[in-house]
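Work through the exercises below with the model open. Try each task before you read its solution.

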Amino acid sequence: MAVSAALRAAITRAQNADQHSEPVFSPLRGLGRGRLTPIDLLGQSLSTIAPATGMVFIALWMITYSPGYVGLAAIAATTSAVFLVAFCITQFTRRLAAAGSLYSFVFQGSGIRATLTAGAALVLGYLGISVSVFSQAVPSLLDTIAIVGPDVRGTAATVITTVAIALAVAWIAVRGVRFATRAILVVEACSLILIVVVMLATHSDTTTAVALPNPSLSAVPFLAMLTVLSMAGFESSAFFGPEAKRPLISVTRTVLISPIICGVLFVFAAWAAMTGHGATIVGAYFEGTASGASAEVVLAVKIGMTCSWFASTLGCAQAGSRLLYSMGIERVLPAPLARVHRRFRTPYVAVLAFVAVSAAGVFIYSDTVRDDSGSFDGVVETALVCAYTLVAFASWKFLRRIGEHTSLTRICTLSVSTAGAGLLVYIVLDGAVHGMWALPIAALAVAVSGTAWSALLRRARPESLLMVGAFDSVETADLLPGAGTLLIDGDGRRRLVPDRGTAEGDSPEHGR
């Protein structure tokens with residue numbers, strides 16, 4: 001009887017519902033909701049990380065500086081630390097979906113200045129990663145062409161190739177995430193299989209002859225920082241929460257799984273380098289046939305690495321464009337960044353802006369930065385560590401505010417926050433000691449960015465400060481008929497109010 005009464009009451013409420021009220025929409029609805037599967041999210045994360053390239057570079061440094069089992073332990077420990085960062089991030093992804101990812105998450109636990117600081121750090125970090133991998137994709141593609149055809153390497157070819165890659169990345173990113181991520185996942189999987197097979201099937205005690213700069217850090221801390229940089233973007237699936245199916249579950253799982261997959265691969269690469277199984281693939285990529293590797297192996301490695309570099313460039317563009325889109329929605333950056341393609345539902349203006357800045361950065365990197373790549377990578381690492389530290393501390397404050405802390409979350413969030421702050425201090429001091437002034441300057445710039453940015457917005461666009469932290473929220477269309485009317489109150493908050501005309505006697509509890 002109670003079920004029948006409840007059903008009759010629901011039908012009555014649906015019939016009496018106010019059909020003329022103004023519908024309420026999610027601020028992020030333009031992206032298209034519920035389109036991406038867990039496979040799409042995993043493809044996005046792995047494309048941004050590009051674990052195939054990370055494996056080769058970790059093997060290179062392990063062979064060159066021979067840190068032994070201590071280096072292997074450093075890589076494993078760093079992977080564990082990144083997993084703890086992922087655990088802190090999932091405290092937000094379990095509860096909300098936001099196109100701004102870490103930037104929007106920090107707002108839920110910290111103030112506007114901390115949020116804008118995290119936003120500045122993420123923009124710098126993702127643009128830095130994009131420029132770095134983009135600048136590697138260009139010569140790698142030209143080297144591959146030189147193996148199978150004419151040697152077209154030179155200034156003109158570099159410019160043409162850079163523009164061509166930028167156009168391809170922009171077109172694919174505008175075309176849509178699902179169009180790109182599954183193909184990228186297949187390509188990256190093939191590259192990883194190739195690298196693992198070559199490492200297992202070959203053995204050589206010959207060390208590489210590649211000329212490498214001495215890192216400012218000692219070998220073990222440098223390997224730890226290299227691992228962090230190689231895993232950068234593991235959380236990029238969080239940018240696609242509003243576009244994912246069951247985002248609170250699928251995004252959370254992807255954020256946790258991605259660093260585990262990459263950590264296993266990186267530890268394997270370090271082991272292969274230690275046992276003589278990594279020299280062949282390192283030599284094939286950096287020295288070609290001069291290393292003694294066959295032309296077929298060199299070609300296969302070059303193709304695999306080129307595809308991985310391209311995939312990482314695309315992954316950065318897709319994630320970075322969502323960050324710019326979110327900031328455009330909030331008007332903390334120019335509003336045109338929030339424009340969405342009518343057919344593909346992608347933030348095409350943000351995509352074009354991100355790719356254009358990345359392409360310009362490649363030319364600057366090639367002309368002025370390549371000889372000091374250590375400082376450039378250090379700046380990117382500083383920005384990323386700052387963002388991860390801020391989101392870890394925000395997760396501690398957020399859980400305390402909503403009263404959902406456990407002993408595990410307290411330990412993890414405070415540990416990551418403390419370790420991140422200590423690592424930032426170490427990077428700054430080490431950079432100053434070794435004359436790498438770009439590192440302390442970058443840390444200072446990121447630290448003051450939130451204060452300066454908020455002050456500028458308070459003068460130029462004060463209403464934007466009320467919109468920071470936008471996330472995907474319930475819409476009128478999400479409600480069952482008769483459940484109530486969704487309204488926006490004076491504070492901008494959503495409230496569900498009973499429909500007019502619904503009598504108290506319609507309630508199934510009435511008359512019990």
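The exercises cover helix packing, one residue in a helix, and two backbone angles, all in a predicted model.

**Exercise 1. Classify the packing of H7 against H12, and state which residues meet.**

Solution.
- Step 1: Find the helices. H7 spans residues 155-175, and H12 spans residues 295-330.
- Step 2: Take the geometry. Their axes lie 10 Å apart, at an angle of about 50 degrees.
- Step 3: Classify. Angles under 35 degrees count as roughly parallel, and 65 to 115 as roughly perpendicular. H7 is therefore oblique to H12.
- Step 4: Add the hand. The crossing of H7 and H12 is right-handed.
- Step 5: List the contacts. H7 brings Ile 165, Ala 168, Val 169, Ile 172 and Ala 173. H12 meets them with Phe 310, Thr 313, Leu 314, Ala 317 and Gln 318.
- Step 6: Sort by class. This contact has 8 nonpolar, 2 polar and no charged residues.

**Exercise 2. Do the same for H2 and H12.**

Solution.
- Step 1: H2 covers residues 38-49.
- Step 2: The axes of H2 and H12 come within 6 Å and cross at roughly 120 degrees.
- Step 3: Angles over 145 degrees count as roughly antiparallel, and 65 to 115 as roughly perpendicular. So H2 and H12 are oblique to each other.
- Step 4: H2 and H12 make a left-handed crossing.
- Step 5: From H2 come Gln 44, Ser 47 and Thr 48. They meet Ala 311, Ser 312, Gly 315, Cys 316, Gln 318 and Ala 319 of H12.
- Step 6: By class, the H2 contact with H12 has 3 nonpolar, 6 polar and no charged residues.

**Exercise 3. Is Thr 313 buried or exposed, and what does its side chain reach?**

Solution.
- Step 1: Locate Thr 313. It sits in helix H12.
- Step 2: Check accessibility. Buried means under 20%. Thr 313 has 2% relative accessibility, so it counts as buried.
- Step 3: Follow the side chain. It reaches the backbone oxygen of Trp 309 at 2.9 Å.
- Step 4: Look beyond neighbours within four places in sequence. There, Thr 313 is in contact with Ser 130, Val 133, Phe 134 and Val 169.

**Exercise 4. What is the sign of phi at Ser 66 and at Arg 331?**

Solution.
- Step 1: Recall the rule. Most residues other than glycine have a negative phi.
- Step 2: Take Ser 66. Its phi is positive, about 45 degrees, and it is not a glycine. Ser 66 lies in the loop between H3 and H4. At 56% relative accessible area, Ser 66 is exposed.
- Step 3: Take Arg 331. Its phi is also positive, about 70 degrees. Arg 331 lies in the loop between H12 and H13. With 30% relative accessibility, Arg 331 is partly exposed.

Conventions. Residues are numbered from 1 along each chain as its sequence is written. This is a predicted model: local features need pLDDT of at least 70, side-chain atom pairs count only at pLDDT 80 or more; totals for chains, interfaces and linings use all residues. Side-chain values use heavy atoms; hydrogens and water are left out. Axes are lines fitted to C-alpha atoms, for helices over the stretch in contact, and angles run from 0 to 180 degrees between N-to-C directions. Helices (H or I, at least four residues) and strands (E, at least two) are DSSP runs, numbered from the N terminus. A crossing is left-handed if the near helix is turned anticlockwise from the far one by less than a right angle, and right-handed if clockwise. Contact means heavy atoms within 4.5 Å. Ala, Val, Leu, Ile, Met, Phe, Trp, Tyr, Cys and Pro count as nonpolar, Asp, Glu, Lys and Arg as charged, and the others, Gly among them, as polar. Buried means under 20% relative accessible area, exposed over 50%, partly exposed in between (1.4 Å probe, protein chains only). A polar contact is a pair of N or O atoms within 3.5 Å; within protein, one must be able to donate a hydrogen and the other to accept it, and residues adjacent in sequence count only if both atoms are side-chain atoms.
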